Amino acid sequence: MKNALEEIEQLTHDQLSRRNFLSRTSMGLGAAAFSSLLGTNQAQAATGPGGALGKPHFPPKVKRVIYLHQSGAPSQLELFDYKPKLEQMWGQDLPESVRKGQRLTGMTAGQSSFPLAASYYKFAQHGQSKMWVSELLPYISKVTDEATFIRSMHTEAINHDPAITFFQTGSQQGGRPSFGSWVSYGLGSDNQNLPSFVVLLSKGRGGDQPLYAKLWSNGFLPSVHQGVVFRSGPDPVFYLNNPAGIDRTSRRRMLDYLAKMHQEQYKQILDPEINSRMAQYEMAYRMQTAVPETMDISKEPDYIFDMYGPEAKKAGTFAANCLLARKLAEKGVKFIQLYHQGWDQHGNLPNDIKTMAKSVDQPSAALVMDLKQRGLLDDTLIIWGGEFGRGSYSQGKLTKENYGRDHHPRCFTIWMAGAGVRKGYIHGETDDFSYNIVRDPVHVHDFQATVMHLLGIDHEQLTFKSQGRRYRLTDVHGKVVKPILA
């Protein structure tokens, strides 16, 4: 081991390629000017309390976010947006005065007719807010007075990959930093033993839209802000455990030596990614103890498992991940992202959405109530929703028992509960067909700006310069939706 390390050290000090020479000289000439231009300590900000901002722009209402993304786009018509007009007009063609020539996906653009399909499931009003919620969601129905429902969400993206990328990064094209990465970069971490941005994955049924790492990528931000995926099983984080024959003391010695090597390399080329890489190594070392403890739910009392439902003890399920999200929130993780696949129902919708709703209903409501009973709902924001909605006409053959729905970006519903948002409030309204918005539209960038605002961040001021341009999560758009704020 010693000989190998000595050889590495010798190479580090002696090797001077043409590229290294150019990097060293160019950075040496411009280093002082470069550092003075970074008004947000961009070169140094890797992790830690305060992040790049040092402190929020204004007092935050929210300390942490739990984002329950329902991948595949759940139908608002079967869950939250009750439209009795569709029952009256069942089977009739969608009026052209409603559609107004709006574009369709290639899956329904060739249909000769667009027969209206009312929801197979019944709706009722719940709570003091009299919120309309489907019979598919009996548990969520009980927490409506804790939530704000935005029925007027809209997006430009009409297909899954660009739409979910848009929600998560502010751009339909990949390569931009994700929502959680921006929060991590701006605000840093409240727990130095765990990442500030954690991702959990679950599947409701097979064969659904895939998820890609670009959704939790750091993009051009320092790599320490990338989302860290926690998986079910004995190794929640890949390559976290020590290799065979390496104990914790040896790992510590190796990291200390590696830090010295990186310091020498940084002196030569002043690349901030070197410091970021070292921060990741150190985080991995601390996570070796913190992650197994956090991921262990065996000590939870039976009443907690009963609250989250029968799948809560089954690792990798949505219910188990909601319980883990609560534990991560307790540990101070800043941004917790859950992705639940299975909502893409172009056909056989009545059966498939029933399966999906059952998998998320009880644990989603349990997360709200569990956080509330622990006092964590006062400074935690829960977000629940997909990347777009579903159309009011049937994709393919329509029968009373079966139909499908195509993508619909013009209007859909998400809900938020917890810190900073109004309780028992409905924002926005759609037409009688849930096809167009008639009041208080909320764009994806508006949603992002609002969540940033709740975290104490001015979305226009948290920027990062890359390739000659300053970027932000909301690009050049977005306004805070003030009516939903508590």
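How many of the seven residues of strand β11 are buried? Seven of seven, in residues 412-418, and I will come back to that strand after some housekeeping.

This is a predicted model, in which local features need pLDDT of at least 70, side-chain atom pairs count only at pLDDT 80 or more, and totals for chains, interfaces and linings use all residues. Residues are numbered from 1 along each chain as its sequence is written, and side-chain values use heavy atoms, with hydrogens and water left out.

First, the overall numbers. The protein chain has 13 helices and 17 strands. Both are DSSP runs numbered from the N terminus: helices are H or I with at least four residues, strands are E with at least two. The chain has 486 residues, and 55% of them count as buried. Buried means under 20% relative accessible area, exposed means over 50%, and partly exposed is in between, with a 1.4 Å probe and protein chains only. The accessible surface of the chain is about 21,300 Å², and carbon and sulfur atoms hold 51% of that. Those areas come from the Shrake-Rupley method with a 1.4 Å probe; for residues, only the protein chains shown count as cover.

On contacts, meaning heavy atoms within 4.5 Å, take those in the chain with a separation of 6 or more. Residues 24 or more positions apart account for 79% of them.

Now back to β11. Two strands count as paired if DSSP finds at least two bridges between them. Strand β4, residues 147-154, pairs with β11 in the antiparallel sense over five bridges. Strand β8, residues 380-385, also runs antiparallel to β11 and is joined to it by four bridges. Methionine 416 in β11 is a useful residue to click on: it is the bridge partner of threonine 148, and it is also the bridge partner of isoleucine 383.

What about β4 itself? Seven of its eight residues are buried, so β4 is largely enclosed by the rest of the structure. Besides β11, β4 pairs with strand β12, residues 425-427, in the parallel sense over three bridges. There, phenylalanine 149 stands opposite isoleucine 426. Two bridges join β4 to strand β15, residues 442-443, again parallel. Methionine 153 stands opposite phenylalanine 412 in β11 and opposite valine 442 in β15. As a general reminder when you look at the side chains, in a regular strand they alternate between the two faces of the sheet.

Next, the charged pairs. A salt bridge here is a side-chain nitrogen of Lys or Arg within 4 Å of a carboxyl oxygen of Asp or Glu. By this rule the count is 20.

I picked three. In one, the side chains of glutamate 293 and lysine 331 meet at 3.2 Å, N to O. Glutamate 293 lies in helix α9, residues 272-295, and lysine 331 in the loop between α11 (318-330) and β7 (335-341), so the pair ties together parts that are 38 residues apart in sequence. Both ends are partly exposed: glutamate 293 has a relative accessible area of 48%, and lysine 331 has 30%.

In another, arginine 326 and glutamate 300 meet at 2.5 Å, N to O. Arginine 326 is in helix α11 and glutamate 300 in the loop between α9 and α10 (302-308), so this pair ties together parts 26 residues apart in sequence. Are these two residues buried or exposed? Arginine 326 is buried at 2% relative accessibility, and glutamate 300 is buried at 13%.

The remaining pick is aspartate 440 with arginine 439, where the closest N and O atoms are 3.1 Å apart. Aspartate 440 is partly exposed at 33%, and arginine 439 is partly exposed at 36%. As for shared partners, salt bridges join Glu300, Arg326, Glu330, Asp370 and Arg374 into one network.

Last, the backbone. Aspartate 440 has a positive phi of about 55 degrees although it is not a glycine. Its place is in the loop between β14 (437-439) and β15. Glutamine 467, also not a glycine, has a positive phi of about 50 degrees. Glutamine 467 is found in the loop between β16 (464-466) and β17 (469-471), and at 79% relative accessibility it counts as exposed.

That is the set I wanted to show.
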